[in-house]
Amino acid sequence: MRLVVAGTVGAGKSTFIRTVSEIDVVDTDRRATDETAEIKHKTTVAMDFGRLTFGPNMALHIYGTPGQQRFDFMWDILIRKAHAFILLVAAHRPHEFRYARRILSYMNRRVQIPYIIGITHMDCEGAWSSENIKLALGFVDETNQPPVVVLNAEERETVVKAIVALVQYYISMR
Amino acid sequence: MAIKGSLSEFSLPEIFQFLDQGQKTGILTIRDQQNSQEAKPIFRHIWLLNGRVVAAGDRLDNRGLYRLIEQRGWITDAIRPEIEQLIKENAPLGLNLKSMGILQPDQLKLLFSIQVLRQVCSLFQVESGQFRFDAKVDLPKSEMTGLSLPATETTLMGLRSLKDWRILQSKLPEANSTLFNLLSGQSPLRLDHQENQVLSLADGVLNLKKIADQLQLPIPKIQQIAFRLIVVGLVEEVPDIDVVGVTSTNENMLEVDADPSDRGVMSSSARTEISNSFLQSLVGFLQHKV
């Protein structure tokens with residue numbers, strides 16, 4: 001099964017995968033350019049890959065999308081083979097909410113796969129509430145929203161719970 | 001819980017979209033820091049009821065609307081005490097003066113235009129400012145004319161008169177993005193001719209470059225019009241693949257395979273089917289991890 005971890009710059013995509021993967025996540029960090037450099041000096045240029053094996057020929061592959069704000073052919077490759085994705089959004093960076101909306105538009109117009117929203121950095125100063133973030137992402141109708149989880153990408157337990165939520169949501173949408 | 005931040009991070013059009021879609025009630029305060037070199041920065045307060053702008057002013061003494069009416073000479077000494085009483089009781093000033101026959105509907109429209117449209121629309125020009133939205137406030141009824149406007153309609157008016165779009169440059173849709181019309185019928189908002197033209201071409205096929213070619217307008221102009229339609233919820237921007245980035249990412253491409261024990265080139269085969277037993281095993285495994 002393939003899951004994709006998408007999200008805004010600095011939301012914790014690479015950390016998320018690194019926290020749960022049983023293998024070393026290939027370090028594809030490169031020196032960040034342009035506006036991304038103002039946030040981090042390194043960012044993922046290709047993609048991160050992590051894996052969880054739980055039986056003979058049974059594994060969960062987790063792919064992280066590139067960190068820079070452009071949608072290149074790598075995005076297309078990742079999402080066309082994915083079964084579900086989680087969109088990570090940093091709660092304390094409203095500047096990135098617009099980009100998060102663009103990610104959702106890009107994904108939902110290309111593939112129709114289940115997804116959940118993962119809110120990170122909820123403990124940071126200036127963090128918006130989950131309700132307000134959902135609104136800022138364009139989710140107005142309470143009855144037509146994906147599940148939202150709050151997580152800390154560095155904490156294994158919350159990351160695993162987020163993956164459980166995503167897989168269970170995938171099951172419910174079959 | 002108050003929401004606050006910098007307008008450079010979350011722009012005023014985005015704030016209004018958020019407040020309109022959330023049908024928020026409360027006070028939005030904009031602090032214009034451009035004039036902070038003087039004694040005080042400029043504050044603007046905008047009151048909203050269920051996502052609609054109902055009043056605006058530059059102070060919080062509940063007398064802003066009263067001052068506007070007085071400046072126009074529409075208050076006589078005879079009715080002044082009565083108006084003071086209405087303000088003291090925080091009664092809806094505009095509606096009361098209309099029912100008393102002191103103000104006519106046209107006068108209220110003019111007051112609303114001055115109080116809200118002129119003051120709020122000018123805020124779209126603010127380059128560096130802070131915003132704060134407080135939901136838990138009592139609305140000052142003595143500031144209200146009784147008229148209101150959806151926050152997004154205020155955005156349309158403000159952006160149409162915006163001269164310098166540099167402050168919103170990073171928010172504009174990409175030239176190779178397409179637009180999807182989100183309406184099922186006619187627009188609930190009054191659009192100008194160019195907005196209607198761009199809306200009619202929001203078919204999810206033509207990108208902004210092609211729309212610009214078809215309408216014979218500069219691409220930046222189309223991006224601005226598209227942004228207006230996006231923030232009032234009429235269209236959705238769908239980014240396209242950036243083919244410029246192909247060469248640089250090729251070098252760093254990670255090669256993976258469906259076989260967990262090996263890494264090879266990712267095949268172009270379709271998404272694999274997942275069995276129920278696989279999913280049950282996975283969930284059990286993950287829950288054990290927790």
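Colleague: Before we look at chain B, where do domain bounds come from?
Modeller: Happy to start there, and please keep in mind that this is a predicted model. Domain bounds come from an automatic or database domain assignment. For chain B that assignment gives two entries, domain 1 (3-160) and domain 2 (172-238). So the bounds come from an automatic or database domain assignment.

Colleague: Which helix gives the largest share of the side of domain 1 of chain B that touches domain 2 of chain B?
Modeller: The centres of the two domains of chain B, taken over C-alpha atoms, are separated by 30 Å. Their contact takes 10 residues from domain 1 of chain B and 6 residues from domain 2 of chain B. On the domain 1 side, helix H1 (12-21) and helix H6 (151-160) of chain B are the elements giving two or more residues. The largest share, 6 residues, comes from H6(B).

Colleague: Let's turn to strands: what is the bridge partner of Leu28(B) in E3(B)?
Modeller: Strand E2 (residues 26-32) of chain B runs antiparallel to strand E3 (residues 42-49) of chain B, and 7 bridges join them. Leu28(B) has its bridge partner in E3(B), and that partner is Ile46(B).

Colleague: And which residue takes a positive phi in the hairpin of E3(B) and E4(B)?
Modeller: E3(B) is also joined to strand E4 (residues 52-57) of chain B, antiparallel again, by 5 bridges. One pairing there links His45(B) with Gly57(B). The hairpin has 2 residues between the strands, and the residue with a positive phi, near 50°, is Asn50(B).

Colleague: Is Gln216(B) buried or exposed?
Modeller: You will find Gln216(B) in the loop between helix H8 (208-215) and helix H9 (219-231) of chain B. Its phi is positive, about 55°, although Gln216(B) is not a glycine. A residue counts as exposed if 12 or fewer other C-beta atoms lie within 10 Å of its own. Gln216(B) has 6 C-beta neighbours inside 10 Å, so it counts as exposed.

Colleague: Over in chain A, is Asn57(A) buried or exposed?
Modeller: Asn57(A) is found in the loop between E4 and E5 of chain A. Its phi is near 55°, a positive value in a residue other than glycine. Because Asn57(A) has 10 other C-beta atoms within 10 Å, the answer is exposed.

Colleague: How many helices and strands does chain A have?
Modeller: Read along the sequence, chain A follows the pattern β-α-β-β-β-β-α-β-α-β-α-β-α. Its secondary structure comes to 5 helices and 8 strands.

Colleague: How is H1(A) oriented to H5(A): roughly parallel or roughly perpendicular?
Modeller: Helix H1 (residues 13-20) and helix H5 (residues 156-172) of chain A pack with their axes 9 Å apart, at an angle of about 95°. Angles of 65 to 115 degrees count as roughly perpendicular. The contact includes Phe16(A) of H1(A) and Ile163(A) of H5(A). The angle therefore makes H1(A), relative to H5(A), roughly perpendicular.

Colleague: Finally, which element gives the most to the side of chain A that touches chain B?
Modeller: Between the chains, 47 residues of chain A are in contact with 37 residues of chain B. Several elements of chain A each supply at least two residues to this side, including helix H2 (73-81) and helix H3 (97-110). By class, this side of chain A has 25 nonpolar, 11 polar and 11 charged residues. The element that gives the most, with 8 residues, is H5(A).

Notes. Residues numbered from 1 in each chain as written. Chains lettered and ligands numbered in written order. Predicted model: local features only at pLDDT ≥ 70, side-chain atom pairs only at ≥ 80, totals over all residues. Axes fitted to C-alpha atoms, helices over the stretch in contact; angles between N-to-C directions. Helix = DSSP H or I, 4+ residues; strand = E, 2+ residues; numbered from the N terminus. Parallel < 35°, antiparallel > 145°, perpendicular 65-115°, else oblique. Contact = placed C-beta atoms within 7 Å. Nonpolar A, V, L, I, M, F, W, Y, C, P; charged D, E, K, R; others polar. Pairing = 2+ DSSP bridges. Buried ≥ 20, exposed ≤ 12 C-beta atoms within 10 Å, placed from the backbone.
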